[in-house]
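Here are three short exercises to work through with the model open beside you. Try each task before reading its solution.

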Amino acid sequence: MFGRRAQTDDLRELPAYTISEAAHYLTVPAATVRYWSVGQGDYEPLIVASQLSPTLLSFLDLTELHVLAAIRRKHVVSMPKVRKAIECLVENVLDAPDRRHPLISCKLETDGLDLFIEQYGQLINISQGGQMAIREIISAALRRIERDPQGVPVKFYPFTRTVMEDAPAMVVIDPKLSAGRPVIAGTGLATQVIAERCKAGESVSQLAQDYEREAAEIEEAIRCELRLAA
């Protein structure tokens, strides 16, 4: 659907995440992430993986998958239909640079969002009310993405809970921190390290004291890694 990525030194474009890592961070089955990233049979992928054989995803790939995962929480994504909606967006709204990552283009947040939702809604036959719900879901996912002055994502805050409404943004994925693995926002504290200490028997209060963080931040770090119930 879209061309292979050009080689770059931009950390955001470099292959960094396995399928299983992306699935874990986004709370999506690994088979689904692979389907979206690599395709299956005659079906092309929704995004173009940064590297194939073995498959590795870039930070920008992961951010696009973050948007797809948000849609999936409302509807089971039919890849051919979503692809058509994306193609409609690309053909009618996006400039050449945005076509590499259409799901995280700035244009999707503005004039492109109505077009995408209208096309998607028609393809899966959802009501106007359903289209409004999809708008809220996509908007919620896009609001958790921080961009540089050129509009390219520099970090995003993954959903750590099943319910997206009012979900805290205490965990961030930033390609410049901890090799792009989740950390507590505003720090370099890897959530994996905190979760490992929790599994070893240390309490939330102990960890909060050791790291001089709020207990809620420690709990979100643990939830990110261990997927505790919201």
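**Exercise 1.** In this predicted model, work out whether Arg144 has a salt bridge, and describe its surroundings.

*Solution.* Step 1: Arg144 is buried, yet it has no salt bridge. The nearest side chain of opposite charge belongs to Glu220, 6.7 Å away, whereas a salt bridge calls for a distance within 4 Å.
Step 2: Place the residue in the chain. Arg144 sits in the loop between α7 (128-143) and β1 (145-147).
Step 3: Look for a polar partner. A polar atom of the Arg144 side chain lies 3.1 Å from the backbone oxygen of Ala167.
Step 4: Check the neighbours. Beyond four places in sequence, Arg144 touches residues including His66, Tyr157, Phe159 and Ala167.

**Exercise 2.** Find the buried residues of α2 (residues 30-38) and explain how they are arranged.

*Solution.* Step 1: The buried residues in α2 are Thr32, Val33, Trp36 and Ser37.
Step 2: They span an arc of only 125° around the axis, so they lie on the same side of α2.
Step 3: Recall that an α-helix has 3.6 residues a turn, so residues three or four places apart point the same way.
Step 4: Move just past the helix: Gly39 has a positive phi of about 90° there.

**Exercise 3.** Which residues of the largest nonpolar core touch the most other members?

*Solution.* Step 1: This core has 42 residues, and those touching the most other members are Val33, Trp36, Leu57, Leu62, Leu65, Phe116 and Ile138.
Step 2: Ask which element gives the largest share; α3 does, with eight residues.
Step 3: Take Leu57 as an example. Among the residues it touches more than four places away in sequence are Leu14, Ile19, Val33 and Leu65.

Definitions and conventions: Residues numbered from 1 in each chain as written. Predicted model: local features only at pLDDT ≥ 70, side-chain atom pairs only at ≥ 80, totals over all residues. Heavy atoms only, no water. Helix = DSSP H or I, 4+ residues; strand = E, 2+ residues; numbered from the N terminus. Buried < 20%, exposed > 50% of the residue type's maximum accessible area, 1.4 Å probe, protein only. Lys, Arg positive; Asp, Glu negative; His and termini not counted. Polar contact = N/O pair within 3.5 Å; in protein donor to acceptor, adjacent residues only side chain to side chain. Contact = heavy atoms within 4.5 Å. Arc of directions from axis to C-beta. Core = buried A, V, L, I, M, F, W, Y, C linked by side-chain atoms within 4.5 Å.
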